[in-house]
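Me: I have a protein model to go through. Can you help me see what the terms rest on?

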Amino acid sequence: MALLFFPRSLSIACASKFTACRRRNRCSCSLSAQAPMTTTTGRRSGSSAILWFKQDLRVDDHPGLVQASKYPSLVPLYVFDRRILSCYSNEMLELVLFALEDLRKSLKDQGSNLMIRFGNAENVVRDLVQEVKATHIYTEEEVEYHLHKIMALVQETLLRLPLLEKNPKMMLWQTPFYDIKDLPESYVDFKKLQLPITSPLLPPTLPGATMELEWGSLPTLDELKQFMNENPLKLKESLTLIKGMSIETVLQKKLSKLRETNISNLNFKQSQRNRVDKSVFVTQNKNVVGGGTNSILNALAAYLRYLEGTARDDWQQVHEKLRDAESRDGASFFTLFGPAICLGIISRRRVHYEAIKYEKERNAGFLSPFGYSATTVTAAADAVCSMEWYWLMALKGQISDEGTYPIRIWRWNGYLIQYTVVGNEGPAVLLVHGFGAFLEHYRDNIHGISKGGNRVWAITILGFGKSEKPNVIYTELLWAELLRDFIIEVVGEPVHLVGNSIGGYFASIVACFWPALVKSVVLINSAGDVIPGYGYLQFSKERKTSVVARLGAQLLLLFLRLNIRTIMKDYYPTKTERADDWLINKMLRASFDPGVLVVLESIFSLNLSLPINYLLEGFKEKALIIQGMKDPISDSKSKVSMLKEHCSGVAIRKLDAGHCPHDEKPEDVNPIICQWVVAAESKILAGSIS
């Protein structure tokens with residue numbers, strides 16, 4: 001059964017109405033015509049407002065707070081809603097509590113306060129609206145699908161309020177980097193606009209907390225954990241354990257000869273220093289920057305000034321953590337500051353402003369057209385600008401009518417991931433694309449497989465398509481863990497896992513190491529080798545970047561852009577017309593996104609040493625190979641022969657197609673997959689009955 005926070009029919013209806021409303025008239029704080037008139041004193045006459053904090057836990061650079069502060073009565077609100085908090089790790093929950101403590105203090109310093117409530121947001125907001133007679137609810141616009149659904153339910157609940165003269169309005173706001181209405185499809189076209197970045201806003205003067213209200217108290221971390229554990233919709237315990245199970249742990253259990261891996265080195269190297277006074281690493285793990293906005297700004301100042309050195313203990317601690325987190329140039333910024341940015345303790349716009357201000361200080365007030373003078377400035381500015389681009393693309397995908405699938409956004413480890421789902425009932429099927437592709441590469445499979453009685457999910461994995469391309473070291477294990485978490489957090493039940501090319505290899509890893517999540521696996525011209533008598537397997541999660549890899553990625557990117565049409569025609573030898581302009585243009589568009597070079601570097605460090613016959617060993621009678629026999633990048637005849645000989649119990653279907661049979665010949669592949677799923681479900685049912 002899929003993990004749903006509320007009935008599917010209601011959530012779809014609410015989300016559809018909410019999306020339709022945004023398409024007709026996207027609200028923002030600048031659209032003040034919907035709010036009461038402002039008096040000569042700057043306050044809005046005769047009304048009250050609620051400011052609903054979600055992932056914007058600050059008063060600095062907060063356009064919603066600026067607009068809401070003009071009301072004579074303002075109630076800032078934070079709701080501990082299990083549906084919102086369920087995707088947070090324990091460390092993120094700690095960060096939330098520290099941020100809320102600081103936020104409440106900042107509001108109290110201005111004579112206001114922060115109301116703390118527990119429960120479903122739609123019920124809390126409804127009750128508070130009736131209590132304070134609010135006419136407007138200000139809240140940040142979101143792109144994540146689960147937040148989108150919750151906001152839709154809040155709006156639907158407000159529309160049903162019977163006792164008010166008129167329904168309160170939900171006012172959506174955002175912190176825009178750029179003054180732009182229509183986002184170009186390509187990052188190249190966007191850069192040509194040369195739009196200036198807007199300036200952050202200072203905290204406004206707030207109306208006092210004049211009403212007699214029960215403001216509530218902040219919970220302790222233990223109390224919050226207890227609240228979360230009481231969640232009736234909490235992930236099944238078995239799935240929670242699977243999510244926390246690393247590939248290294250499973251390998252050590254499954255392979256007695258596997259080289260022992262020092263797991264502690266894969267995480268942050270913990271500082272041996274005692275915690276210093278005013279430390280910005282406030283959580284128990286002391287891995288990421290936390291606290292309130294001022295604490296984050298202090299840490300950012302230390303980060304930017306890394307090259308200068310410092311005698312301050314708290315800044316030295318930031319520098320030490322920076323060195324430990326610099327797995328590749330610039331990667332330390334998001335590692336340290338990503339959680340605080342995702343929670344909105346500091347805005348992306350404020351980070352950029354502080355980075356550029358420091359850069360000007362270093363250069364007598366000037367900015368060089370040839371880049372920044374400090375690597376830390378480059379890391380901070382590039383990271384937030386990249387995040388802004390992917391956020392804008394995600395927002396555009398949420399409100400547009402383009403495409404034949406509903407585009408949804410899932411946030412994984414702080415990064416925005418695109419996915420879609422089609423179908424309302426039946427077994428769950430998850431489609432995983434290959435290197436350089438995206439979920440739309442299954443353009444004629446998603447609906448086709450859904451019509452076979454399945455719920456079909458397709459994902460654009462990290463680093464591809466319109467999903468985010470952060471500055472991280474990409475590995476096959478990273479992508480496999482992403483798929484694992486997607487199945488657990490989004491699909492919420494075991495899936496029939498379908499993968500093409502390198503996506504097939506990722507699918508095989510998931511099936512091998514977390515078999516409880518996979519009912520069956522379908523590999524379409526999968527990457528990976530068959531190695532007879534593999535025996536001792538050398539394997540490591542640690543990877544390194546190099547100058548050679550960076551240069552190789554640049555040359556490879558140039559080659560691909562110049563030759564993509566010819567390459568794709570070769571991949572579709574039987575029906576070359578399927579390698580059409582639509583597909584080519586989609587790939588070219590993605591090749592200009594910020595971060596794409598980092599993704600291409602991974603080609604030089606991917607480790608496919610775990611053989612397919614090992615990965616499928618536990619999936620006898622539950623694995624299907626679909627092989628295009630005219631694949632230009634592998635010897636299909638030899639591969640099929642090796643699979644037959646060394647992968648017992650694996651079904652094989654050969655097709656007159658190239659590297660991407662699912663897109664070249666969907667009319668052949670869709671029935672094969674549908675029939676396979678039906679047969680696999682029958683075996684599962686028979687096994688459960690017996």
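The turns below take up cavities, their linings and one helix.

Reply: Start with one caution: this is a predicted model.

Me: What makes an empty space here a cavity rather than a pocket?

Reply: A 1.4 Å probe fits in a cavity but cannot get out, whereas a pocket is open. The structure holds six cavities of 30 Å³ or more. About 320 Å³ of space lies in the largest cavity. The second largest cavity has about 60 Å³.

Me: What makes a residue part of the lining of the largest cavity?

Reply: A lining residue has an atom within 4 Å of a cavity point. For the largest cavity, 23 residues line the space. Glu140, Ile341, Arg348, Trp391 and Arg411 lie nearest its centre. Helices H13, H14 and H15 each give two or more residues to this lining. H15 gives the most, with three.

Me: How do you know which residues in the lining of the second largest cavity are charged?

Reply: Asp, Glu, Lys and Arg count as charged. This lining includes Glu440, Lys466, Lys586 and Arg589, so by that rule these are charged. The count for the class is four charged residues, beside one nonpolar and three polar. In the largest cavity, the lining has ten charged, seven nonpolar and six polar residues.

Me: Why is helix H6 called mostly covered?

Reply: Buried means under 20% relative accessible area. In H6, 14 of its 15 residues are buried, so the helix is called mostly covered.

Me: How do you know what span to expect for H6?

Reply: Take 1.5 Å times one less than the number of residues. H6 has 15 residues, and 21 Å is expected. The helix reaches 21 Å from its first C-alpha to its last, so its span is close to the expected one.

Note on methods: Residues are numbered from 1 along each chain as its sequence is written. This is a predicted model: local features need pLDDT of at least 70, side-chain atom pairs count only at pLDDT 80 or more; totals for chains, interfaces and linings use all residues. Side-chain values use heavy atoms; hydrogens and water are left out. On a 1 Å grid over the protein atoms alone, a cavity is a set of points where a 1.4 Å probe fits but cannot get out, and a pocket is an open set with protein on both sides within 12 Å along at least five of seven lines; lining residues have an atom within 4 Å of a point. Grid points are joined across faces, edges and corners, and a volume is the space filled by probe spheres set on the points. Helices (H or I, at least four residues) and strands (E, at least two) are DSSP runs, numbered from the N terminus. Buried means under 20% relative accessible area, exposed over 50%, partly exposed in between (1.4 Å probe, protein chains only).
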